[in-house]
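Please look over the sequence and the model together before reading on. The paragraphs below go from the chain as a whole to single residues.

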Amino acid sequence: MNENKENIRRMLLETGRRLVEEKGAAFLTARKLSEASGCSVGTIYNQFANMDCLVEALNLETLSELYEKMMRFRPEHNAYKNLNNWLDAFVGFVLSNPERWFLLYNFHLRTEKLSPEYKRKIINMENLWKPSFNAVYARLNPGKRRLARQVLWLSLFAVSSFLTTKVVEGLSGINKKTLCKLLMNTYLAGVAVLKKG
């Protein structure tokens, strides 16, 4: 019985992911998922308390895939290069999965409470960057270093929503990867200047 329930859950997640990738994040509703999966709406809600729970499960998979992609990169001795390589992996993933990332980003805008597992995945992601960021700003006290790191991470996360749209290209024609590199490296340089002042 439990195996059958897990199979249904897995099938619903796979179908939901396919709907998001093919039709867009806004297309994912209980009714559309029911039609695409052949499961009743009641069956969907037996597996997931509500659609936010299903979206969170999809987002957990997205975060796991992003983490695995970033883990493939082996850090070097140059902290700036490491940060830029991780940024390339992050931006590359977002650009390769725009609808899934849009789903994740919008979930963060309307969700007040994230599950402990979800928070852990985000913290693990940030922790990948932490040693290199700390190496760049070894002279900052730990509190200021943590704040600077969090501001950078939140800024890149906010910009990532625009990477999933054509808004950036329409406004400036700037390359999306270049935009993120400029943001991060200008920020890193700015923190270095403030540190001296």
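Helices, and the loops that lie between them, are named here from DSSP runs, a helix being a run of H or I of at least four residues, numbered from the N terminus. With that naming, Asn 97 can be placed in the loop between H5 and H6, a position to which the text returns further on. The model is a predicted one, and the protein chain has a mean pLDDT of 89, with 92% of its residues at 70 or more. Confidence is highest in helix H2 (residues 30-37), where the mean is 96, and lowest in helix H9 (residues 167-172), where the mean is 63.

The protein chain contains ten helices and zero strands, and its C-alpha trace spans about 60 × 40 × 30 Å along the principal axes. Of the 197 residues in the chain, 42% are buried. Among contacts with a sequence separation of 6 or more, 68% are between residues 24 or more positions apart.

What does the interior look like in terms of its nonpolar residues? The largest nonpolar core has 55 residues, and the members that touch the most others are Leu 28 and Trp 129. Two or more residues of this core come from each of several helices, including H1 (2-23), H2, H4 (51-71) and H5 (79-96), as well as H7 (116-136) and H10 (176-196).

Leu 28, when its neighbours within four places in sequence are left aside, is in contact with Gly 16, Leu 19 and Val 20, with Met 51, Leu 54, Val 55 and Leu 58, and with Leu 103. Trp 129 lies in helix H7 and counts as buried, because its relative accessibility is 4% and the cut-off for burial is under 20%. With the neighbours within four places again set aside, Trp 129 is in contact with Met 70, Leu 83, Trp 86, Leu 87, Trp 153, Leu 156 and Met 184. One of these partners, Leu 83, is 46 residues away from Trp 129 in sequence, yet the two C-alpha atoms are 6.5 Å apart in space.

Helix H2 shows how burial can be arranged around a single helix. Its buried residues are Ala 30, Leu 33, Ser 34 and Ser 37, and they are on the same side of H2 because they cover an arc of only 105° around the axis. An α-helix has 3.6 residues a turn, so residues three or four places apart point the same way. Just after H2, Gly 38 takes a positive phi of about 80°.

Cys 39 is buried, with a relative accessible area of 13%, whereas Cys 53, at 32% relative accessibility, counts as partly exposed. How many disulfides does a search of the whole structure find? The search finds zero: Cys 39 is in no disulfide, and the nearest cysteine sulfur, that of Cys 53, is 17 Å away. Cys 53 is likewise in no disulfide, its nearest cysteine sulfur being that of Cys 39. A disulfide would need the two sulfur atoms to be within 2.5 Å.

Finally, is Asn 97, in the loop between H5 and H6, buried or exposed? Asn 97 is buried, since its relative accessible area is 16% and burial means under 20%. The side chain of Asn 97 is also joined to that of Arg 100 by a polar contact of 3.3 Å.

Methods: Residues are numbered from 1 along each chain as its sequence is written. Side-chain values use heavy atoms; hydrogens and water are left out. pLDDT is the predictor's confidence in each residue, from 0 to 100. A nonpolar core is a set of buried Ala, Val, Leu, Ile, Met, Phe, Trp, Tyr and Cys residues joined through side-chain atoms within 4.5 Å. Buried means under 20% relative accessible area, exposed over 50%, partly exposed in between (1.4 Å probe, protein chains only). Contact means heavy atoms within 4.5 Å. The arc is that of the directions from the helix axis to the C-beta atoms. A polar contact is a pair of N or O atoms within 3.5 Å; within protein, one must be able to donate a hydrogen and the other to accept it, and residues adjacent in sequence count only if both atoms are side-chain atoms.
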